[in-house]
There are 6 protein chains.
Amino acid sequence: MFPITNAQRAEILTQALPHIQKYYDKVIVIKYGGNAMISPELKEQVMEDIVLLSLVGVKVVLVHGGGPEITDMLKRVGKETVFHDGLRVTDKETVEVAQMVLAGKINKDLVRLLEGKGGRAIGLSGIDGGMLKAEMKNPALGFVGNVTGVDASPILDVLNAGYIPVISTLACDAEGSVYNVNADTAAAQIAGAMHAERLFMMTDIAGILRNKDDPSSLIPYLSVKEAGKLFESGVISGGMIPKVECCLEAIFLGVKKVVIIDGRVPHSILIETLTDEGAGTMVSEGDENERD
Amino acid sequence: MFPITNAQRAEILTQALPHIQKYYDKVIVIKYGGNAMISPELKEQVMEDIVLLSLVGVKVVLVHGGGPEITDMLKRVGKETVFHDGLRVTDKETVEVAQMVLAGKINKDLVRLLEGKGGRAIGLSGIDGGMLKAEMKNPALGFVGNVTGVDASPILDVLNAGYIPVISTLACDAEGSVYNVNADTAAAQIAGAMHAERLFMMTDIAGILRNKDDPSSLIPYLSVKEAGKLFESGVISGGMIPKVECCLEAIFLGVKKVVIIDGRVPHSILIETLTDEGAGTMVSEGDENERD
Amino acid sequence: MFPITNAQRAEILTQALPHIQKYYDKVIVIKYGGNAMISPELKEQVMEDIVLLSLVGVKVVLVHGGGPEITDMLKRVGKETVFHDGLRVTDKETVEVAQMVLAGKINKDLVRLLEGKGGRAIGLSGIDGGMLKAEMKNPALGFVGNVTGVDASPILDVLNAGYIPVISTLACDAEGSVYNVNADTAAAQIAGAMHAERLFMMTDIAGILRNKDDPSSLIPYLSVKEAGKLFESGVISGGMIPKVECCLEAIFLGVKKVVIIDGRVPHSILIETLTDEGAGTMVSEGDENERD
Amino acid sequence: MFPITNAQRAEILTQALPHIQKYYDKVIVIKYGGNAMISPELKEQVMEDIVLLSLVGVKVVLVHGGGPEITDMLKRVGKETVFHDGLRVTDKETVEVAQMVLAGKINKDLVRLLEGKGGRAIGLSGIDGGMLKAEMKNPALGFVGNVTGVDASPILDVLNAGYIPVISTLACDAEGSVYNVNADTAAAQIAGAMHAERLFMMTDIAGILRNKDDPSSLIPYLSVKEAGKLFESGVISGGMIPKVECCLEAIFLGVKKVVIIDGRVPHSILIETLTDEGAGTMVSEGDENERD
Amino acid sequence: MFPITNAQRAEILTQALPHIQKYYDKVIVIKYGGNAMISPELKEQVMEDIVLLSLVGVKVVLVHGGGPEITDMLKRVGKETVFHDGLRVTDKETVEVAQMVLAGKINKDLVRLLEGKGGRAIGLSGIDGGMLKAEMKNPALGFVGNVTGVDASPILDVLNAGYIPVISTLACDAEGSVYNVNADTAAAQIAGAMHAERLFMMTDIAGILRNKDDPSSLIPYLSVKEAGKLFESGVISGGMIPKVECCLEAIFLGVKKVVIIDGRVPHSILIETLTDEGAGTMVSEGDENERD
Amino acid sequence: MFPITNAQRAEILTQALPHIQKYYDKVIVIKYGGNAMISPELKEQVMEDIVLLSLVGVKVVLVHGGGPEITDMLKRVGKETVFHDGLRVTDKETVEVAQMVLAGKINKDLVRLLEGKGGRAIGLSGIDGGMLKAEMKNPALGFVGNVTGVDASPILDVLNAGYIPVISTLACDAEGSVYNVNADTAAAQIAGAMHAERLFMMTDIAGILRNKDDPSSLIPYLSVKEAGKLFESGVISGGMIPKVECCLEAIFLGVKKVVIIDGRVPHSILIETLTDEGAGTMVSEGDENERD
């Protein structure tokens, strides 16, 4: 890659020391998605980052969605999408395809990649161990659910047995019907139930920009209070609205800090955790202006 | 169902006592397939049987395949099957569909049904925790594998944390390619690696018949030695050959007894385990003529 | 017994599933006495019921008295009973005989029967591990005691080591004198100290009857409040008074529900726990009208 | 008692130090009987010795018989002893009385005395937890048994939970009949099954005397080989024969050393364990001539 | 020493029983110093006392200073003492010598003596595991510190692994500079952090005397309130003032009772703990007039 | 230091992944000495390397000597060195100074530095927990010992409680006399007793050179057999002889591989463990030519 001696490597490793100590034995939930999940190279790097974090004593939990792959698969099986008031209807057949793609394809592919990097991983869905409970949002829209309860014990059991849990965001209602639930929201609720030290929301943006056309206007630290102002002033708009709402919910549920992380940057997880630099916008309860 | 008093119920429960004691804290691996996996009613009963066994202290491991559902899905996605010397070729796309159907659909559906009956279940595939290692049988046939190694520790970790492990028979090779492996063989090897007390092979036949057209000719007990004779004499023939070979391999690998169980009979698992009657043909190392 | 197929047996077993799940890992204290302790056949059935409950994960504690056998033994050794104001005096010799009969004969016989049914049991008395502390009720009546303290740790130690504790209701005072204590009261206090899910008081009646001459007037559910009214109205009278007082004390001490169980009915314990039917009168804090 | 300062007391305590260290965390089985079990004063001292040993980290197991008290009780209930070829017949009624006296009276009295000295004790019989298995010696003699198996797990469970186990030497056969077994033999077999560091056989003699009329001829150390010679030469004779045979069996079964201890000497257990002096004859595999 | 039979020894041992039971599994912190640390004979006895206490189940923690030996060593290396306002200045070189003498010489010598008596000991300093945190008292006086925090976990880890912790009272500040801290104060703070049952301050006096010239005026029990009066009335004066202040601080920090123990009396620790007699003045929150 | 982006840092961290996995949960014993112990900068780096290794799951044990500092201290106290046949005599006073310097100064300074880097460390000497047993080599030379036994349990107890053990190589003989033992030999024996994965001997040379004047003639891998040849051919000579003998002894005692590491190179421990490069000569049983 670049000319660097082993002595320099060693020095760089020791410079990570205080960062490693900061996260030792803490829970970091990573909501994985976007470009970092599509580009094979970025994917490799995310897997390396996760295995490295787990080896240095961090309790990493990987939560993934998979909207685009579900859409692809629906096309392949010739399933026509039905709309209700302009919103897609998730009928029985659609949720079945979602289950196959999420729990069968994406989840197991991630487990396999982590194992390939020397990690030990077990893939779970929200169905396993009754982890995620949901209820229907709107009967007209079918099996799209709101998470109504998280039982973190299957995740903890898998962590304590020494594995990295990889989680598909499916859920069941009281009657046992399966629901596709929003992965961002589910990750926030899982992180909350685990009192995570960090929730990383991996996205395809640099973070929250004060001016969305100017990358240099990145807001590195954002308090809950400031976020409110940015909503009012319209700085947070469009697709960022649900993303940031999710961050705020996670903090409300007990997550210490949430970072909207730029998934397009190689090794952004390690940059955020093990260097002085950040890799996006860190949202926290109070006013922070440092990466610790 | 039938007129029976609660007093009679209570008596029947106590009559199961010595049977329950026999299997207490022992491992029973159930290879689940055939009609018992298709008929919704039989499926419900299998789930009840498994939850009951797990509650009375048996360590139940459920292993499933899913050939017919894979074939259906291949059809739905318009995948044409290629043949080589008359055998189906499992190309990359085919094994991907198999992975989705096995680990995503069937596995999670079973977990959901067990949870619905009050059991606690976690679904695993052979990929999770690096459980099943495979190598290619024949390059011309693609990603159909022979299991070359079983690491039972993910199964044990899940059992010890108090869950019923439900296992899809996928495997990886050293390079991380995924293989579809024969579920009967994989179940035998998993049962062997766990030194299981019993392996139940659920099928759509009454067991091994001395005369295949006469159901009354069922062989209730079969020693390894006698099995050899039945192979020679042609009594074991056709589709029964690989089934019985699988039973013998399981015994060779350390499973105490294997039962070819009639999956068409309601509650056949409980009949085999908790009553004086058997539900098929029990294969064992030596000459046995009792159900214990 | 009656013509019933193994398939029917299996179905009946699965119908017990939700009941088993309800009591899993919960403490049930059984005060054993009366006819169920005299009839050899009923005794066998009680033992079977207890071993079955312990196998399906219930923490059963068996508490017994033994008045009639003490009386027999006193006769055999030619001990004449002395009375004070019409009440029997328990002198040193009498309490010694009681100790022998309770802790030596009845207790060990029950342990032996449970072991014979495949259970693992250890017999304790209130003397062992300093479990029951007592003080004299009335010096004129001798060594008949009121329980002043329960140390449940010997019972828990024995339960946690995997045994069914069988308890004789003897107790010591601070000076180490032995007392015979009322078994009903002691069972209530033990159940209270263990925060038991259930206390079963086995008796020779059908339960609390609204009209004591009409078996069909059984009161299946009784709240503490209603019990008070029944005391006032005289429905609870005679020998039932101390029995029901004992139930109320147990509830006051933290037992969830107490059942006055008809010990004359075969397998009444299993009927009460593992079927939809009850086997007597269930007393609880509030208004309940279901068996759960 | 005698004029001794607290400074002297303290010094004496520290002189016990190397002795305490020798037995730390080791199992000592004490067969308790004879005069030390009859004299109330000696009894008190034995209890003190046992509680002290258990506090300084020794795993003490107390095994008792109770022949004389059984005989007394048989008389009190007017049971006439039947003889067969000059040997007493133990019929059903006799063994019932033995059970009551051993497990009900003597056992619980010992537990009570140990508790009174601040020890924590639990009384067990060979029936509890299926500890002692027996078979009939001679049908004509009734329920007198030979121990055919020892399951030490109930003893270990009770020790590990922090109690001093006190054991009555009753046993069951495969059909559940109760047997009275010889306490010396049972103690030897229990000590063997536990790989005890010491078995103390408390008796009413000074130990093995070379000349039974000369107390100064005490043999302090005896090897298995020398014992053989003493049998041949008739030095070991009469009632000493079964006693010494028992010692040899214990050594054969894996007990490190057996001491025939003079139970008539106050605190003989502590003298043997915590001082330089012995309190009888120590029997061991090889040639020893020191108390360690 | 004095003519005493083994029978008498045994009796004396059993008389210690209730005392042993009182301290079982409790923490006793011993601040060791003065004559008992100088006289080789007394030193031997203190080691024996500590090993004996640890064997009978007491959790003993030994804290030592070593002023005189530090002074000796400073002389040997020719270090001249500098004074500031009449107080000794502890410069870098002085604290280095103190570290060597305390953690290198005295600490390891004590560990060696305890091991020689059959105890298992590990020597720690306040530096190990970050146990003691300090800050500078007065910049002019150099590296003499006030303890600002105690992390008892290294002491507990060493105790739980079965060793007697021996502690040198060195401490570090936030920058990692080493400080010599007052051993009496450090012992009080360690005992407080461990919620010790007892803190023994070993000194060269009989205890607190009402009239310092009359040894018979020893005050055996002192409440916090009475101590206040003795300060006011001048009975506590001179070198006793910081000593008693230390006792009061320990009680304030949660130690149950503190004893100013006469280290000149042989086996004073055992006399205080295992006999009816005391060995100095016991200070406690309330009014006590007994040694328990 | 050098211009390097955080992205590059992250990539370098992930490149250490396979190396970290190789040593996960393995024991590495580091014999620390020479220049790396004198230069403050190198010392800082060694501490960082050790804390980093311990954080990534390696069980690091640090063993140190301290000859030069002992010599300095002997000078400061004006102790004249006595010689016998040209060898220094270690009299009582000398070994006392050695104990103070090793266990008091060097050991606690290292503990303090590790704690300062965020590690958790506990300093032990061979005296603590009776870890190192020694005997006199030669009475004329005084208290210089040969290690005759290693009890690794205090080291393991400290490791398991989560600390980095730092060990001074002092030892005791059976009478409790203290000995100074050679730190290289002691490290080899400690590593052997712990079945260490690696023993690193830090020295002031590049490793074993085929031509001692040509640094490019470094032998990176050396088998036991080849070492023998190098002894014969004189390539290993002078001060290297005992060093290499020590390596061979360690391998004989069960250490997997020993590395003579160049302590003058910054971060040589990390270069050896976490990069592809080595940092000296690796000695192993067989013929290896790779760093794994």
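Q: What makes helix H8 of chain A count as largely enclosed by the rest of the structure?
A: A residue is buried if 20 or more other C-beta atoms lie within 10 Å of its own, exposed if 12 or fewer, and partly exposed in between, with C-beta atoms placed from the backbone. Of the 11 residues of helix H8 (residues 183–193) of chain A, 10 are buried, so the helix is largely enclosed by the rest of the structure. Among the buried ones are Asp184(A), Gln189(A), Ile190(A) and Gly192(A). His195(A), with a positive phi near 50°, follows H8(A).

A word on the source: this is a predicted model, in which local features need pLDDT of at least 70, side-chain atom pairs count only at pLDDT 80 or more, and totals for chains, interfaces and linings use all residues. Residues are numbered from 1 along each chain as its sequence is written, while chains are lettered from A and ligands numbered from 1 in the order in which they are written.

Q: What makes a stretch a helix or a strand, and how many of them has chain A?
A: Both are DSSP runs numbered from the N terminus: helices are H or I with at least four residues, strands are E with at least two. By that reading, chain A has 11 helices and 14 strands.

Q: How do you know whether the radius of gyration of chain A agrees with that of a compact globule?
A: The radius is taken over C-alpha atoms, and the globule rule is 2.2 Å times the number of residues to the power 0.38. For 292 residues the rule gives a value near 19 Å, and chain A has 19 Å, so the two agree. The C-alpha trace of chain A spans about 60 × 45 × 35 Å along its principal axes, and 53% of the 292 residues count as buried.

Q: What does it take to be in contact, and how far apart in sequence are the partners in chain A?
A: Two residues are in contact if their C-beta atoms, placed from the backbone, lie within 7 Å. Among contacts in chain A with a separation of 6 or more, 72% join residues 24 or more positions apart.

Q: Why is the relation of chain E to chain D called that of a two-fold axis?
A: Copies are superposed by least squares on the C-alpha atoms of residues with pLDDT of at least 70 in both. A rotation of 180° with 0.0 Å of shift along its axis superposes chain E on chain D, with an RMSD of 0.0 Å. That is the relation of a two-fold axis. In chain E, the C-alpha of Val56(E) is nearest the axis, at 2.2 Å. The same surface serves both copies, as 97% of the contact residues of chain E recur in chain D.

Q: Which element gives the largest share of the side of chain E that touches chain D?
A: The contact takes 35 residues from chain E and 34 residues from chain D. On the chain E side, H1(E) gives the largest share, nine residues.

Q: How do you know which helix gives the most to the side of chain B that touches chain A?
A: Here 32 residues of chain B are in contact with 31 residues of chain A. H6(B) gives the most to the chain B side, with 13 residues.

Q: How do you know whether chain B and chain D touch?
A: Their nearest C-alpha atoms are 16 Å apart, and the two chains do not touch.
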